[in-house]
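Open the model in your viewer and keep a selection prompt ready. The stops below go one selection at a time.

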Amino acid sequence: SKTLSAVQLFNYCNTDTDNLLFLFCAPPNTGKLLVLTVATKETDGFKRFMRSARHFNYTVKVLGRGEKWNGGDYISAPGGGQKVRLLKSALADIKEEDKIILFIESYDVIFSSGPKELLKKFQQTKHKVVFSAETLIWPDRHLEDKHPHVREGKRFLGAGGFIGYVPNLKKMVSDWSGEDNDSDQLFYTKLYINPEKRKSINITLDSKCRLFQNLHGALDEVVLKFEDGRVRARNVLYDTLPVIVHGNGPTKLQINYLGNYISNVWTFETGCTVCNEDMRPLSGLKESEYPGVVIGVFIQQPTPFVSVFFERLLNLQYPKNRLKLFIYNQEPHHDQHIRSFLENHEADYQAVKLIGPDEDVDPITSRNLGFDMCRDDIDCEYFFSVDVEVVLKNDETLKILIELNKPFIAPMLTKPGRLWTNFWGALSADGYYARSEDYVDIVQGRRVGIWNVPYVSQVYLVSADVLRSELKADDLFHSATLDADMAFCSKVRDQYLRKFVSKESRHLKQLGVFMFVTNMHTFGRVLSTENYQMNHLHNDLWQIFENPVDWEERYIHENYSKIMKDNIVETPCPDVYWFPVFTEVACKHLVEEMENFGQWSGGGNVDNRIQGGYENVPTIDIHMNQINYEKEWHKFLLEYIAPVTEKMFPGYYTRFDLAFVVRYKPDEQPFLRPHHDASTFTINIALNQVGIDYEGGGCRFLRYNCSIRAPRKGWALMHPGRLTHYHEGLPTTAGVRYIAVSFVDP
């Protein structure tokens with residue numbers, strides 16, 4: 001929107017600015033730029049670096065491929081001399097004196113913009129060699145006073161990235177004669193703080209982070225900038241847009257976070273741009289060609305709905321002849337669920353290994369044994385770890401994760417009504433949970449993709465190749481200070497490859513494995529195991545408060561939701577409403593729970609369980625409060641019966657009182673004489689099936705001479721209790737009939 005004169009444009013193009021108008025200046029010759037980096041192993045970080053380089057069309061030459069890393073770990077002691085040696089050797093082969101070399105780390109570096117911008121900013125420095133700059137001095141603080149002062153910005157040299165002309169770089173490294181594990185940082189620092197050498201080589205620092213952004217000591221300075229379909233890092237302290245971002249030192253988690261976006265990995269306009277890259281499609285494969293998978297199932301505590309867990313495991317859409325099971329159970333209460341599953345389905349799987357509570361194997365050891373089962377099996381390509389509290393609603397989960405083709409990936413799981421998930425977006429300073437800026441958007445589905453995160457739990461897929469290499473240690477879950485899950489994630493993130501430089505000294509090269517979580521699909525949720533009691537026959541019946549979604553799926557009829565929207569309520573008799581409410585399992589569990597309790601009333605008029613102690617029309621029954629189910633039953637009535645009563649009787653607010661299960665037997669109490677109920681209206685749920693479990697039975701409303709002789713199992717009858725609906729229980733002629741009765745507003 002403004003016009004520049006030739007003089008203004010010349011001055012502008014040689015000004016230290018990050019305004020993108022400099023792109024109108026004379027374009028630099030990007031063909032003269034060569035990126036050199038050292039990578040002895042292709043880690044996840046290296047692959048990320050190369051992807052960002054390809055995205056911006058950088059030409060990269062990798063030094064040291066296949067070499068043993070002897071350059072130290074930068075943690076126990078300074079190191080990196082191997083990189084100087086490799087650079088010196090590579091420069092010797094380059095003859096073009098006008099060639100510009102960018103020498104940069106790769107495992108923890110991302111390009112944020114392209115060669116054109118990089119070269120233009122380099123030219124604007126008017127120096128032949130430009131190093132990245134640091135807030136902190138390392139490794140020798142005694143050299144602080146010898147660093148030149150700068151008018152604005154950072155004054156300490158960072159060896160992780162520099163750019164320069166070939167002749168100047170050759171001169172810079174010409175005196176290198178150190179060992180591979182000597183410090184490259186100290187070598188370059190001593191050159192820089194020597195005024196004569198600094199001048200002769202023509203070195204300066206990128207003090208305001210226009211080319212290089214080192215994150216160590218500068219985390220508060222860096223934010224993501226989303227603009228016009230691009231994402232890059234912005235330094236808010238200097239208002240600059242660095243071309244290269246380096247997660248140096250202890251900032252690997254931060255570079256991983258930025259790497260979820262930078263290089264246009266994810267933008268608001270495009271969403272995830274890399275989610276479908278490097279896929280491993282399974283469609284079209286024969287069953288015998290599917291990757292072999294060991295599924296590790298871990299039961300470490302009493303957990304609800306374990307039988308449902310194994311039903312879902314069975315329903316995973318994956319050839320079972322390519323699956324092996326490793327099942328660890330520490331809880332005797334769940335032996336019955338495992339036995340039932342294996343009795344019916346063990347033969348479906350390629351192999352099954354079970355470790356039970358009698359074998360005295362601790363949870364940490366069990367996880368290592370599960371990994372070993374995969375490591376030692378030549379046919380195993382993946383280990384799929386699933387804790388029993390995981391609810392995998394998506395039966396394609398295993399296929400989806402394999403096709404995403406990551407060494408370590410987890411499906412995102414949630415807890416209904418909460419922001420809880422099975423991943424953390426960030427870590428606090430002491431290594432515990434912290435909320436990342438994008439956490440809520442990811443959990444709520446406003447940002448969808450594959451995310452590099454510092455912590456996952458409960459369920460994940462890890463490749464066997466990684467288990468046999470980077471994660472081959474036998475103590476991945478052990479820590480003196482951290483819980484097993486946190487210890488495991490810490491060791492995955494910060495995995496090191498042991499290298500012996502000499503008998504006296506050992507150095508480690510950091511090779512962190514990226515842990516990804518995906519929310520590209522809805523996968524499921526995680527159960528709450530708090531307050532799970534085991535003093536009943538069917539303990540899951542009591543989970544309506546702790547796990548209401550799972551309780552509903554297990555016990556509420558599949559057609560219940562149609563009552564409101566499809567109006568499927570039937571009226572078999574005047575003002576008698578009939579609708580589905582319970583599943584077969586709910587009916588079965590409630591009957592078995594009552595029979596297991598066994599303290600049926602005698603059917604006499606005297607009944608100390610009720611107010612007044614006298615029952616006019618007694619039944620043989622067990623009250624819900626006798627099995628400590630009164631609160632749960634009341635919750636069920638409020639959630640699932642009250643909406644129907646308010647639909648049938650608009651404006652009428654329901655208050656529930658007495659609730660019990662009645663048993664009818666020909667030789668005990670086959671029928672119930674005509675009577676009014678002590679209620680405004682009554683709920684009567686059939687708990688078993690006429691013609692299968694019993695003969696006869698039903699209910700007759702005398703005023704209307706209307707009978708319901710074939711009650712449907714799991715369906716509820718709702719009818720007025722007094723005045724108009726005088727009724728009787730018809731004789732049960734064979735078998736045993738059960739009904740659940742609730743009085744509303746007695």
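Start by selecting Asp-278, which has 61% relative accessibility and is therefore exposed, the cut-off being over 50%. This is a predicted model. Asp-278 sits in the loop that links strand E13 (271-272) to E14. Add Leu-404 and Asn-405 to the selection: Asp-278 touches both, leaving aside residues up to four places away in sequence. Then pick Lys-406, 128 residues from Asp-278 along the chain; the two C-alpha atoms are 9.0 Å apart.

Next, the sheet. Select its eight strands, which run in the order E16-E15-E14-E17-E25-E19-E28-E23 and form an open sheet with mixed pairing. At the edges are strand E16 (351-355) and strand E23 (450-453), each of which pairs on one side only. From one strand to the next, the twist averages 20°.

Now show helix H9 (residues 306-315), which packs on the sheet and touches strand E14 (292-299), strand E15 (323-329) and strand E17 (380-387). The direction of H9 makes about 175° with that of E14.

Move to E23 and its neighbour, strand E28 (residues 515-518): the two pair in the antiparallel sense over four bridges. To see one pairing, select Trp-451 and its bridge partner in E28, Val-517.

The last stop is Glu-389, in the loop between E17 and strand E18 (390-392). Which side chain of opposite charge is nearest to Glu-389? Select Arg-367, 6.4 Å away; Glu-389 is buried yet has no salt bridge. Beyond residues up to four places away in sequence, Glu-389 touches Gln-301, Thr-303, Gln-458, Arg-525, Val-526, Leu-527 and Thr-529.

Methods
Residues are numbered from 1 along each chain as its sequence is written. This is a predicted model: local features need pLDDT of at least 70, side-chain atom pairs count only at pLDDT 80 or more; totals for chains, interfaces and linings use all residues. Side-chain values use heavy atoms; hydrogens and water are left out. Two strands pair if DSSP finds at least two bridges between them. Axes are lines fitted to C-alpha atoms, for helices over the stretch in contact, and angles run from 0 to 180 degrees between N-to-C directions. Contact means heavy atoms within 4.5 Å. Buried means under 20% relative accessible area, exposed over 50%, partly exposed in between (1.4 Å probe, protein chains only). Lys and Arg count as positive and Asp and Glu as negative; His and the chain ends are not counted. A salt bridge is a side-chain nitrogen of Lys or Arg within 4 Å of a carboxyl oxygen of Asp or Glu.
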